[in-house]
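These are my notebook entries on a structure I looked up. I set down each item in the order in which I checked it.

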Amino acid sequence: MQVKRFFFALSLAAILISVQAKDVTIVVTNNERVQRQELVEVSASEVYRQLGVAANTPFVVKNALGQEVSYQLTYDGLLLIDASVRPCGTAKYTVTPGTPHEMKTIVTGKMYPERVDDIAWENDRTAYRLYGPALQRSGEKAYGIDVWLKNTPDLEVDQRYKVELSNHERIQQLLKEGKKDEARQVEIATTYHFDHGYGLDCYKVGPSLGCGTPALMENGYLVMPYSYKEYKILDNGPLRFTVELTYNPTEAAGQKNIVEHRIISLDKGSNFNKMTVWYEGLTKPIDIASGVVIHVEDTQSIKCGRDYVAYADPTDNPDAQNFQIYVATLYPNGVTETKPLMLETPMNGIAGHAIGILKDYRNAQRYTYYFGSAWSKNDVRNFDEWVLRINSFLDALHSPLEARVE
């Protein structure tokens, strides 16, 4: 009898949902005279409310052709859709209660304890990593964010780590046996520092900001952060990766126990990560900066705009690689100034940084900017194209696609 009542209640609930639920339309408007392809955000709670269903009820999103499209629900209550909208046009997406198809993951990341606590993440354009507590304990000086080049939309960072790390022992054994040539051939075939047809790691970080790292300033100099202390992955695909990081207390400009926090996110199809950083423990205003490292092999390929800094990095072996890595930090909300900050004496191959400086930053103020990269063998062929990509992205931030739930 109780079983019958249970199934009757389930049937009644299903009938009520089908009666109450209705389709919802999401309208995306492009007010600019350029084609747009990017993620749009709407309130997930508003979608559930207008659907007339409980939160976390599964649903399907379809485009104007009736095809299912992938979406993501984020940690901060947003529904993400990858929207394509023609110049000065609109696109409509229909949301219906139901079970969605299996969505392909385009953006993902994780922590790698087997590789000194790296956190690495990637999308269909490029990949990044930052360094963790195990590396700091080793004494290696690597402060900034690393860039891993890709020329495939497929996810392959995890495989790079597996292949690289699984062959270390074999290489060391061959070296012990005196088989240097054979060890070298294994290294060439397996290291992620060489391109095997899908990209590589040839960006030098070391004791620098790398690509896009924030830093406090003291007497006009950068106070380099070290590795993260704690992390939490907030979003992990299929369309956005988000990680929150906390750093060990530091001191600068006579202030002690300053704790840095970061939230970094990367979207499908984007060359640029969103960085939100804030510091706690400040007793007075302080200058902060962010930017990209300048290497001694090329101190000329720098461009400092009003709201960005960009650099054509020559790689860790310019003569052998013969390509460039394009890096930048972008400041859509403005900064006090942008400029090259060169070292009096280059160290570890580092000539200086191209930075944006925000003066008189105050305690716990959340500061947002963007950082990113591209590769001359992939989607941006030269430095002029990179500057165009930067300006197009800034224009899009200043005039975002408008998405509303109807």
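**Entry 1: A312.** I looked up the burial of A312 and found 0% relative accessibility, so A312 counts as buried; buried means under 20% relative accessible area, exposed over 50%, and partly exposed in between, with a 1.4 Å probe and protein chains only. The model is a predicted one, in which local features need pLDDT of at least 70 and side-chain atom pairs count only at pLDDT 80 or more, while totals for chains, interfaces and linings use all residues. Residues are numbered from 1 along each chain as its sequence is written, and side-chain values use heavy atoms, with hydrogens and water left out.

I placed A312 in strand β20; helices (H or I, at least four residues) and strands (E, at least two) are DSSP runs, numbered from the N terminus. I then listed the contacts of A312, setting aside neighbours within four places in sequence: D298, S301, Q324, I325, Y326 and F383. Contact here means heavy atoms within 4.5 Å. I also noted that A312 and I302 are 10 residues apart along the chain, with 6.8 Å between their C-alpha atoms.

**Entry 2: V309.** I stayed with strand β20, which covers residues 308-313 and also holds V309. V309 has 0% relative accessibility and therefore counts as buried. Beyond four places in sequence, I found V309 in contact with G291, K303, C304, V327, A328, T329, Y331, T338, A354, I355 and G356. For V309 and S290, 19 residues apart along the chain, I recorded a C-alpha separation of 9.5 Å.

**Entry 3: L245.** I turned next to strand β14, where L245 lies. L245 counts as buried because its relative accessibility is 0%. Its contacts, without neighbours within four places in sequence, are I119, L130, Y228, E230, Y231, E260, H261, R262 and I264. L245 and I233 are 12 residues apart in sequence, and I noted 8.8 Å from C-alpha to C-alpha.

**Entry 4: Cysteines.** How many disulfides does the structure hold? I found 0, a disulfide being a pair of cysteine sulfur atoms within 2.5 Å. I checked C202: the closest cysteine sulfur, in C211, is 13 Å from its own, which is too far for a bond. C202 is buried, at 1% relative accessibility. I then checked C304, whose sulfur is 14 Å from the closest cysteine sulfur, again that of C211, and so too far for a bond. C304 is partly exposed, with a relative accessible area of 30%. I had already met C304 among the contacts of V309.

**Entry 5: Backbone.** Which peptide bond is cis, with omega near 10°? I found it running from G237 to P238. P238 lies in the loop between β13 (228-236) and β14 (240-247).

I also looked up positive phi values. N56, which is not a glycine, has a positive phi of about 75°. I located N56 in the loop between α2 (44-51) and β3 (59-62), and N56 counts as exposed at 69% relative accessibility. A253, likewise a residue other than glycine, has a positive phi near 50°. A253 sits in the loop between β15 (250-252) and β16 (255-267) and is partly exposed, with a relative accessible area of 28%.

**Entry 6: The whole chain.** I recorded 8 helices and 25 strands for the chain. The radius of gyration is 24 Å, which agrees with the value near 22 Å that a compact globule of 406 residues would have; it is taken over C-alpha atoms, and the globule rule is 2.2 Å times the number of residues to the power 0.38. Along the principal axes, the C-alpha atoms fill a box of roughly 80 × 55 × 45 Å.

Of the 406 residues, 50% are buried. Among contacts between residues at least 6 apart in sequence, I noted that 68% join residues at least 24 apart.

I entered an accessible surface of about 19,500 Å² for the chain, 49% of it belonging to carbon and sulfur atoms. Accessible areas come from the Shrake-Rupley method with a 1.4 Å probe, and for residues only the protein chains shown count as cover.

Last, I looked up charge: the chain has 43 positive and 51 negative side chains, and the centres of the two sets lie 5 Å apart. Lys and Arg count as positive and Asp and Glu as negative, while His and the chain ends are not counted. The place of a charge is taken as NZ of Lys, CZ of Arg, CG of Asp or CD of Glu.
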